[in-house]
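User: Please go through the labels used for this structure and set each one against its definition.

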Amino acid sequence: MPTMTLQIPTADGRADAFAAFPDGDGRHPGVLLYMDAIGLRPVLREMARELSAHGYYVLVPNLYYRHGPAPVVELPEYIGEEERPALFARLMPLVEAHTTERALRDAAAYLDFLTAQPRVGTGPVGVIGYCMGAVLALRTAAAHPDRVAAVAGFHPSPLVTDAPDSPHRLAPRLAARVHLGLAENDMSAEVIGELDQALDAAGVRHTTEVYSGTVHGFTMADTAAFDPSALRRHWDRLLPLLGHALADG
């Protein structure tokens with residue numbers, strides 16, 4: 001699949017980004033892919049290429065662009081349990097600096113850029129995310145219900161909190177179809193029930209599924225959390241979601 005490195009203009013500068021798309025001159029549904037906390041790196045580029053092979057233009061921005069181009073933090077090729085503590089000690093200041101206000105400001109810029117690409121169709125887009133990216137995907141869809149028809153989040157950061165802007169409180173603003181694929185250690189049954197109740201009460205078409213035997217980060221092949229069967233299930237859920245929602249749009 002053809003790929004490009006791009007610069008997305010934002011209110012705070014320019015975000016470097018990776019794009020993958022089908023060959024040829026046709027237009028395709030757009031997908032905004034939000035990275036996990038570890039950042040934009042080869043495994044996410046490969047996932048974008050795989051998704052583009054199914055007929056999508058996939059844009060993956062470096063969410064940490066305010067701190068420099070990706071990789072902002074030097075990353076090992078493989079992130080095992082021994083590497084995680086030191087790595088996340090360096091990453092957490094970047095995560096904490098990416099406030100909801102900044103995220104929403106960036107989301108508008110990312111959507112504007114994605115939908116302006118000549119290879120992207122005129123219909124609504126999908127937004128998917130991993131870890132903290134799942135939270136950002138829901139926030140983006142809630143802020144732009146007229147532009148986002150599908151949301152998928154995998155091994156998400158907390159979606160139910162006591163904060164006034166907790167992601168689950170955004171359910172009434174969603175117009176998108178939603179799939180959430182959880183690791184076994186992501187949320188308790190009680191919290192999942194509260195999340196589902198919020199989505200059901202808002203009339204959101206959604207599925208919330210615990211991927212059995214998994215731990216947080218199961219889609220990421222460069223980490224010790226990786227689970228090949230769970231990654232396949234992720235594709236089995238994601239592709240029909242995008243196909244139905246973006247075709248309907």
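User: What makes up the lining of the second largest cavity, by class?

Analyst: That lining has 4 nonpolar, 2 polar and 2 charged residues. The model is predicted: local features need pLDDT of at least 70 and side-chain atom pairs 80 or more, whereas totals for chains, interfaces and linings use all residues. Residues are numbered from 1 along each chain as its sequence is written, and side-chain values use heavy atoms, without hydrogens or water.

User: Which residues line the second largest cavity?

Analyst: They are Leu63, Tyr64, Arg66, His67, Leu94, Ala97, His98 and Arg102. Arg66 and Arg102 belong to this lining and count as charged because that class holds Asp, Glu, Lys and Arg.

User: How many cavities are counted, and what volumes do the two largest have?

Analyst: There are 2 cavities of 30 Å³ or more, with volumes of about 50 Å³ for the largest and about 30 Å³ for the second largest. A cavity is a set of points on a 1 Å grid where a 1.4 Å probe fits but cannot get out, and its lining residues have an atom within 4 Å of a point. The lining of the largest cavity has 9 nonpolar, 2 polar and no charged residues; among them are Ile38, Asn62 and Leu91.

User: Why are β1 and β2 called paired?

Analyst: Pairing requires at least two DSSP bridges; β1 (residues 3–10) and β2 (residues 13–20) have 8, in the antiparallel sense, and therefore they qualify. The two strands form a hairpin with 2 residues between them, and threonine 10 has glycine 13 in β2 as its bridge partner.

Methods:
Helix = DSSP H or I, 4+ residues; strand = E, 2+ residues; numbered from the N terminus. 1 Å grid on protein atoms, 1.4 Å probe; cavity = no way out; pocket = protein on both sides within 12 Å on 5 of 7 lines; lining within 4 Å. Points joined across faces, edges and corners; volume = space filled by probe spheres on them.
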